[in-house]
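Biologist: I've got a model open and I'd like to learn how to read it. Could you walk me through it?

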Amino acid sequence: MEIWGNRKWRYLFIGLLTAFCLLAGLFFTDALGWKSRLEANSVLAKASRDLSQYEISAVFDPARKTLACRQKVEYRNRSGQELTRLYFHLYPNAYRSEEKPVFEERDMMRAYPNGFSPGSLDMDTIRINGKEADFTIGGYSEDLLMLILKRSLKPGEALSIEMHYQVWMPNCFGRFGYGDHTYKAANWYPIACVHDKNGWNLDRYYAIGDPFYSDTANYEVAIKAPSDYVLAATGECKKKDGRDGNTVWQFHAPAVRDFAWIASKDFQTASRRVGPATVTSYYYTEETGERALDYAASAMKFYNQSFGKYPYRHFSVVEADFFIGGMEYPNLIMMDHSLYAPGETDSLELVTAHETAHQWWYGLVGNNEVRDAWMDEGLTEYSTVLYYGNRYGANQEKKVYHSTMGEGKYSYLPYYIKSAKVDETIHRPSYEFSDGTLYDLLVYGKGAMMFHDIQRKMGRATFLQTLQEYCRKYQFRNVDKEDMIHTFRQVTGRDWERNFNKWLYDEEHE
Ligand SMILES: [Zn+2]
């Protein structure tokens, strides 16, 4: 039966509709300046094709400190290999035990000012393609979920996994948990481990560095929260429905490598447009909340011009009960509350500019942050130095580079070294650094020096051109050292491997 009547008329109608849309598109492009917005969306629309899809609905209960969750993952095998099992990180379980903390010992008091408080994820049921499935939970802190598939998953094939679980949030000032003002849901749900050319990456939640590595995927997340809470999240809030004192927030986040959200009763907001994106500062310290917005918007404008256009519609800078400076998530950065003190604005600017640069180096171009942390941290740190040059001129750039970042940071190494010799290798897994200080001095400080050295040798214009190509080619993907060096060679016609290696490895320790 064909309710639509004559086929010829239907084609005519479709033709007229298409013509109208094209004309309307042209008209709006000129009249309302929507062109860049449409362009940005088409990049995302293209990037979101054939990715895995996460649909999560969570009920947030601040009284019990819990999230009751249902999650459906349409997992697509993009590994290029046949898979017989799947793995997911259960990061909340890394917060389970005081004996296996996710912080260095020296930071425990700041992480848990009210005493240790456990967090966890309790898995209830899992269904694969509609059928109840067995699952195994293991790993260092029971932070890995393993699913053995009844039928192997061929490259390009997808399957559906449905999970029911409960998350318990700790009273913790790290990335995950709650404090006096905020509930931070970061690394809070089961996320698929990455299968790359090294096989499955099953690294645990190390105390040093940001121990994360994930694939880009599409997210649809609904969070039910008491209506007096404001939520900042990855993606775009498409809809808010209030009923009986609760509000359901529906977020749509295509082509992102993680989903994080932060809830607070105390948030105020201020927003600014940067190109097609809206930058929003969420804050509860009134004096400086708008300053964070200014720093983030300025940084985004500069990185847009220098590295390539930010393709997402939203970017949020969020003041939080967090003690470690700043932390990057897709479309959202978590900011240490202490940076919002009126006397700390220099640090607030530095951290905001750094975390904003991560939207490119981590957010768009991803890498294994356990094994190759220098790839995002070193480059992000050096991008921040360039931000200062752009905003305040060459003298300020030099000053920041020589006193605070890059050489400035690395120059602390002699004060740090207690023994006669320390291994200065930058390119090694984060767990091979003796502590967070050495990691910081080498991965961030010396890492930024490496990019500065290469930039000086090739000239700034070529350096930025190379980064633009690196971003264009690898955005929404994961890269390794070879991919980066390949791009540098391709753009400049010169091999930079020796330059990279000179900085990345300590020859005396080889
Ligand atoms: Zn960073």
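Modeller: Let's go through confidence, then helix packing, then the sheets.

Biologist: Fine by me. What is the mean pLDDT of the protein, and how many of its residues reach 70 or more?

Modeller: This is a predicted model, so that's a good place to start. The mean pLDDT is 93, and 92% of the residues reach 70 or more. Over residues 1–15, though, the pLDDT is below 50, and beyond near neighbours in sequence that stretch has 1 contact in the model. Residues 20–37 are also below 50 in pLDDT, with 6 contacts beyond near neighbours in sequence.

Biologist: And how should I treat stretches like those?

Modeller: Where pLDDT is low, don't read the predicted coordinates in detail.

Biologist: Got it. On to helices: how do I describe a packed pair?

Modeller: Two numbers do the job for packed helices: the angle between their axes and the distance between the axes. Take α6 (residues 373–392) and α10 (residues 436–458): they pack at an angle of about 70°, with their axes 8 Å apart.

Biologist: Which word describes α6 and α10, roughly perpendicular or roughly parallel?

Modeller: With that angle, α6 and α10 are roughly perpendicular to each other. The way α6 passes α10 is a right-handed crossing. On the α6 side, the contact is made by A373, W374, E377, G378, L379, E381, Y382 and V385. On the α10 side you'll find V443, Y444, G447, A448, M450, F451 and H452.

Biologist: How many nonpolar, polar and charged residues are in the contact of α6 with α10?

Modeller: That contact divides into 10 nonpolar, 3 polar and 2 charged residues.

Biologist: What happens between α10 and α11?

Modeller: The axes of α10 and α11 (residues 460–474) come within 6 Å and cross at roughly 120°. The two helices are therefore oblique to each other. Here I454, Q455 and M458 of α10 meet R460, T462 and F463 of α11. By class, this contact has 3 nonpolar, 2 polar and 1 charged residues.

Biologist: At what angle do the axes of α11 and α12 cross?

Modeller: Roughly 125°, and the axes of α11 and α12 (residues 481–492) come within 9 Å. So α11 and α12 are oblique to each other, and α11 passes α12 in a right-handed crossing. From α11, the residues T462, Q465, T466, E469, Y470, K473 and Y474 meet D483, M484, T487, F488, V491 and T492 of α12. Those residues divide into 5 nonpolar, 5 polar and 3 charged. Keep an eye on T462 as you go: this α11 residue meets α12, and T462 is also listed where α11 meets α10.

Biologist: Now the sheets. What's the general idea?

Modeller: Strands of a sheet pair through backbone hydrogen bonds, either parallel or antiparallel. In this model, one open sheet has 4 strands in the order β9-β10-β18-β15, with antiparallel pairing.

Biologist: Which strands stand at the edges of that sheet?

Modeller: β9 (177–178) and β15 (230–233) do, each with a single partner strand, so one side of each is left without a neighbour in the sheet. β9 is joined to β10 (residues 182–185) by 2 bridges, and the two run antiparallel. To see the register, find G177: its bridge partner in β10 is K184.

Biologist: What is the order of the open sheet of 8 strands?

Modeller: The order is β5-β4-β8-β2-β1-β14-β17-β16, and the pairing is mixed. Its edge strands are β5 (131–132) and β16 (236–243), each pairing on one side only.

Biologist: How many bridges join β16 to β17?

Modeller: There are 7, and β16 runs antiparallel to β17 (residues 246–256). Try C237, whose bridge partner in β17 is F251; G242 stands opposite T247 in that strand. β16 and β17 form a hairpin with 2 residues between the strands, where D244 takes a positive phi near 50°.

Biologist: And what about β14 and β17?

Modeller: β14 (residues 217–226) is joined to β17 by 9 bridges, with the two running antiparallel. I223, for one, has W249 of β17 as its bridge partner.

Conventions: Residues are numbered from 1 along each chain as its sequence is written. This is a predicted model: local features need pLDDT of at least 70, side-chain atom pairs count only at pLDDT 80 or more; totals for chains, interfaces and linings use all residues. pLDDT is the predictor's confidence in each residue, from 0 to 100. Two residues are in contact if their C-beta atoms, placed from the backbone, lie within 7 Å. Axes are lines fitted to C-alpha atoms, for helices over the stretch in contact, and angles run from 0 to 180 degrees between N-to-C directions. Angles under 35 degrees count as roughly parallel, over 145 as roughly antiparallel, 65 to 115 as roughly perpendicular and the rest as oblique. A crossing is left-handed if the near helix is turned anticlockwise from the far one by less than a right angle, and right-handed if clockwise. Ala, Val, Leu, Ile, Met, Phe, Trp, Tyr, Cys and Pro count as nonpolar, Asp, Glu, Lys and Arg as charged, and the others, Gly among them, as polar. Two strands pair if DSSP finds at least two bridges between them.
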